[in-house]
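Please open the model in your viewer and keep the selection tool at hand. The tour below proceeds one selection at a time.

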Amino acid sequence: ARIFYPCESAPQQAGSDSIVIVLPQKGGDFSGAQLIASYLASHGLRAVDMELPYRGRRLPPGTNGIEDLRPTLDMVVQTFEQAVKEVLSLATTLERDGYSKMGICGISLGALFSSIAYGVDPRLGCACLIMAGGDLPAHI
């Protein structure tokens with residue numbers, strides 16, 4: 001995870017106890033999560049960009065995306081469980097670091113993970129789901 005901090009000249013400053021967890025889309029070279037985290041920081045709100053299972057450095061060698069693995073339904077369920085558990089673990093770490101106001105934002109597949117995490121963890125006070133699911137059949 002990587003934290004994006006507001007610069008001194010940000011037009012608005014959220015409290016130092018506020019942060020947004022941002023989850024990326026399924027794959028590809030472009031990270032919409034980094035773009036959103038940068039935008040939030042430029043507007044005075046801390047954000048943390050998480051690298052999800054089967055994305056980026058967490059892909060097996062020689063694999064471009066999760067679809068290359070031809071996942072079974074069991075693998076998809078395990079991936080969802082792992083991603084949500086990692087979000088909840090990050091929320092626990094952030095809470096220990098003094099963040100008492102947390103939100104979550106997810107893009108596409110990250111939005112699916114975000115919706116589950118938001119539904120099970122009351123510490124996540126708000127959620128922004130962007131293109132939730134996108135092309136769902138392509139994700140599975």
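Helices and strands are here runs assigned by DSSP, of at least four residues for a helix and at least two for a strand, and they are numbered from the N terminus. The model itself is predicted.

**The whole chain**

Begin by colouring the chain by secondary structure. Read from the N terminus, the elements follow the order β-β-α-β-α-β-α-β-α, which gives four helices and five strands. Of the 140 residues of the protein, 44% count as buried. Among contacts with a separation of 6 or more, 71% join residues 24 or more positions apart.

**The sheet**

Next, select the five strands. They form an open sheet in the order 1-3-2-4-5, and the pairing is mixed. At the edges are strand 1 (2–4) and strand 5 (124–130), each of which pairs on one side only. From one strand to the next, the twist averages 20°. In general, strands of a sheet pair through backbone hydrogen bonds, either parallel or antiparallel.

Now follow the pairs across the sheet. Strand 1 and strand 3 pair in the antiparallel sense, over three bridges; within this region, Phe4 has Ala47 of strand 3 as its bridge partner. Strand 2 and strand 3 pair in the parallel sense over four bridges, and Ala47 is also the bridge partner of Val20. Strand 2 (residues 18–23) and strand 4 (residues 101–107) are again parallel, with six bridges.

**Strand 2 and strand 3**

Select strand 2 alone. How many of its residues are buried? Six of the six residues of strand 2 are buried, so this strand is largely enclosed by the rest of the structure. Both of its faces are covered: Ser18, Val20 and Val22 lie on one side, and Ile19, Ile21 and Leu23 on the other.

Add the partners of two of these residues. Ile21 stands opposite Ile104 in strand 4 and opposite Val48 in strand 3. Ile19 stands opposite Met102 in strand 4.

Move to strand 3 (46–49). Both faces of strand 3 are covered as well: Arg46 and Val48 are buried on one side, and Ala47 and Asp49 are buried on the other.

**Helix 1**

Select residues 32–42, which make up helix 1; its buried residues are Gly32, Ala33, Ile36, Ala37, Leu40 and Ala41. An α-helix has 3.6 residues a turn, so residues three or four places apart point the same way. What covers the buried residues of helix 1? The cover includes strand 1, strand 2, strand 3, strand 4 and strand 5. Just after helix 1, click on Gly44, where phi is positive, at about 90°.

**Helix 2 and helix 3**

Select residues 73–96, helix 2. Helix 2 lies across strand 2, strand 3, strand 4 and strand 5, and runs at about 160° to strand 2. Then add residues 109–120, helix 3, which lies across strand 2, strand 4 and strand 5 and runs at about 145° to strand 4.

With both helices displayed, examine how they meet. Helix 2 and helix 3 pack at an angle of about 60°, their axes being 9 Å apart. They are therefore oblique to each other, and their crossing is right-handed. Show the side chains of the contact: helix 2 contributes Thr79, Phe80, Ala83, Val84, Val87 and Leu88, while helix 3 contributes Leu109, Leu112, Phe113, Ile116, Ala117 and Val120. Eleven of these residues are nonpolar, one is polar and none is charged.

**Ser108**

Select Ser108, in the loop between strand 4 and helix 3. Its phi is near 55°, a positive value in a residue other than glycine. Is Ser108 buried or exposed? Its relative accessible area is 8%, and Ser108 is therefore buried, since the cut-off for a buried residue is under 20%.

**Leu124**

Finish with Leu124, which is found in strand 5. At 2% relative accessibility, Leu124 counts as buried. Which residues does Leu124 touch, not counting residues up to four places away in sequence? They are Ile21, Val87, Met102, Gly103, Ile104, Ala117 and Tyr118. To end the tour, place a distance label between the C-alpha atoms of Leu124 and Gly103: these residues are 21 residues apart along the chain, yet the two atoms are separated by 4.9 Å.

Conventions
Residues numbered from 1 in each chain as written. Predicted model: local features only at pLDDT ≥ 70, side-chain atom pairs only at ≥ 80, totals over all residues. Heavy atoms only, no water. Pairing = 2+ DSSP bridges. Axes fitted to C-alpha atoms, helices over the stretch in contact; angles between N-to-C directions. Contact = heavy atoms within 4.5 Å. Buried < 20%, exposed > 50% of the residue type's maximum accessible area, 1.4 Å probe, protein only. Parallel < 35°, antiparallel > 145°, perpendicular 65-115°, else oblique. Left-handed = near helix turned anticlockwise from the far one by under 90°. Nonpolar A, V, L, I, M, F, W, Y, C, P; charged D, E, K, R; others polar.
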